[in-house]
Amino acid sequence: MSEPASINVAAPRPEPMAPRFLTVRRRIRESADVATLDIALDDADARKLACRPGQFNMLYAFGVGEIPVSVSGDPAILDRVTHTIRAVGAVSSALVKLKAGDSIGLRGPFGSRWPVEDAAGSDVVIIAGGIGLVPLRPVVYHLLRRRASYGRISLLCGARTLDDLLFRKELDRWRRTPDFQLRVTLDRADQRWAGDVGYVTNLLPKARVDLAETVAMICGPEIMIRATAQALEDVGVAPARIFVSLERNMKCAIGLCGHCQFGPHFLCKDGPVYRYDCVSDFLAVREL
Amino acid sequence: MKDIAALLREHPFAQELGEDIVTLIAGCAKNAIFQKGDYLFREGAPADHFYLIRDGAVALETFAPGRGAFAFLTVKAGEILGADWLVSPYRSSFDARAVELTRAIAFDGKCLRGKCEADHHVGYEMMKRFIPPLVQRLRLARLQSLDA
């Protein structure tokens, strides 16, 4: 794979701090604390808010606050933008409770993208831990729409329990998709589960890709990202072919406020998706 | 039909293991087949055996009142199952249940401990094969508990 020209496609936009007022079209309960919101877009908004896999929007729950949320929907579908949110704080809890017809504020899209174009011609392994599947789902949509452009594709997912596993119907569909490998592992499983149990890196030997020639995309808790990137390096994946999506406290989303500074980077503007060798040194700095 | 030494040589456990040691430890081993749902060992029972998984998968489980059994690790083809045979009081810490048809090489722990005691070179070769997966599992178990 050639060096990615740039995974940062966020162009300056007029009035980046002004939210658009949009309407929730549909809410899907994914798990006890996770919900997916389809937000309706008219034709004008569809052009302006088209997202690339890996990008995020700032979602505003009126009267509560604003947080960054990765796009989780199909980037080819333009009449809506889809976000999947886990309730962990006041704003995310308010967003998860929104219903069809409710108003929501949105700024974006922001941030860098997964290198889906640069990966054409290569094998691709996608590794997700827990809620980390959310920003990787658009990658899967993209790859499956252009299946002939890629080599072997493997999606490896880890989740705490079966009840925490996101997008289960969709995973079942992908499991039946030809020329697409899906492996799921749970941290702990009851009698309903007959699949793999253990840490997500245990799945790497099962990935039906040429690890020396593959592009890897990883998202999950940062501990999982570090462990998985290291495990990929151990089996011969070049650090320049590993991409990770990082998370820090983002506020402005345009690289002004400095809340998400990560060494010389602002995650909101330069990230959240990075080539691993560009950030691996900083991932080892505890003060960051 | 392959003898037990031949089956052992095919397993990653025996890679770079001298032919003399393969032949020696094969005397402590037998072929074993488990149907889906069979238990290879049960929590609290004497840890008389360990297993080299040839085909299939085995779930390591424990039991919580009111929640039933839950698995925390699956051990698959090419891997080692069971470490309690190494450490006194040689008692199994968890249940091991075949989640599919599983073929394994079963080792008599007491027999192998005796051969390791009699020849420390054999013991060292066994340790070199047991310690890496045990350390790896400990590391991954820590990551599982710390991921948030």
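Trainee: In this predicted model, how far apart are the end C-alpha atoms of helix α4 (residues 120-146) of chain B, and what span should its 27 residues have?

Mentor: The expectation for α4(B) rests on 1.5 Å a residue, and it is applied to the 27 residues of the helix, which should therefore span 39 Å. The end C-alpha atoms agree with that expectation, being apart by 37 Å.

Trainee: Which residues of α4(B) are buried, and which elements do the buried residues of this helix pack against?

Mentor: A residue counts as buried if 20 or more other C-beta atoms lie within 10 Å of its own, and in α4(B) this holds for B:Met126, B:Leu143 and B:Gln144. The packing of the buried residues of α4(B) involves both chains, since one partner belongs to chain B and another to chain A. These partners are α3 (109-118) of chain B and α5 of chain A.

Trainee: How many residues does each chain give to the contact between chain A and chain B, and which element gives the largest share on the side of chain A?

Mentor: The contact takes 17 residues from chain A and 15 residues from chain B. On the side of chain A that touches chain B, the elements giving two or more residues are β10 (196-197) and α5 (222-234) of chain A. The residues on that side of chain A divide into eight nonpolar, five polar and four charged. The largest share there, three residues, comes from α5(A).

Trainee: Turning to chain B by itself, what radius of gyration does it have, and what would a compact globule with 148 residues have?

Mentor: The C-alpha atoms of chain B fill a box of roughly 50 × 30 × 25 Å along the principal axes, and buried residues make up 32% of the 148 residues. For a compact globule with 148 residues the radius of gyration would be near 15 Å, and chain B agrees with this, having 16 Å.

Trainee: In what order do the four strands of the open sheet in chain B lie?

Mentor: The pairings can be followed from strand to strand, beginning with β2(B) and β7(B), which run antiparallel and are joined by two bridges, B:Phe41 having B:Ala96 as its bridge partner in β7(B). Strand β7 (residues 95-98) of chain B also pairs with β4(B) in the antiparallel sense over four bridges, and here B:Leu60 stands opposite B:Ala96. Strand β4 (residues 57-64) of chain B pairs in turn with strand β5 (residues 68-76) of chain B, antiparallel over eight bridges. The order of the sheet is β2-β7-β4-β5.

Trainee: Which residue takes a positive phi in the hairpin of β4(B) and β5(B)?

Mentor: Across these two strands B:Phe63 stands opposite B:Ala69 in β5(B). The hairpin has three residues between the strands, and the positive phi, near 85°, belongs to B:Gly66.

Trainee: Which are the edge strands of the seven-strand open sheet in chain A?

Mentor: The sheet in chain A has the order β10-β9-β8-β7-β11-β12-β15, and its pairing is mixed. Strand β7 (residues 123-129) of chain A and strand β8 (residues 153-159) of chain A, for example, pair in the parallel sense over six bridges, with A:Gly158 in β8(A) as the bridge partner of A:Gly129. The edge strands, each of which pairs on one side only, are β10 and β15 (273-275) of chain A.

Trainee: At about what angle to β15(A) does helix α7 (residues 276-283) of chain A run?

Mentor: Helix α7(A) lies across two strands, β12 (242-245) and β15 of chain A. Relative to β15(A), α7(A) runs at about 95°.

Methods:
Residues are numbered from 1 along each chain as its sequence is written. Chains are lettered from A and ligands numbered from 1 in the order in which they are written. This is a predicted model: local features need pLDDT of at least 70, side-chain atom pairs count only at pLDDT 80 or more; totals for chains, interfaces and linings use all residues. The radius of gyration is taken over C-alpha atoms; the globule rule is 2.2 Å times the number of residues to the power 0.38. A residue is buried if 20 or more other C-beta atoms lie within 10 Å of its own, exposed if 12 or fewer, and partly exposed in between; C-beta atoms are placed from the backbone. Two residues are in contact if their C-beta atoms, placed from the backbone, lie within 7 Å. Ala, Val, Leu, Ile, Met, Phe, Trp, Tyr, Cys and Pro count as nonpolar, Asp, Glu, Lys and Arg as charged, and the others, Gly among them, as polar. Two strands pair if DSSP finds at least two bridges between them. Axes are lines fitted to C-alpha atoms, for helices over the stretch in contact, and angles run from 0 to 180 degrees between N-to-C directions. The expected span of a helix is 1.5 Å times one less than its number of residues.
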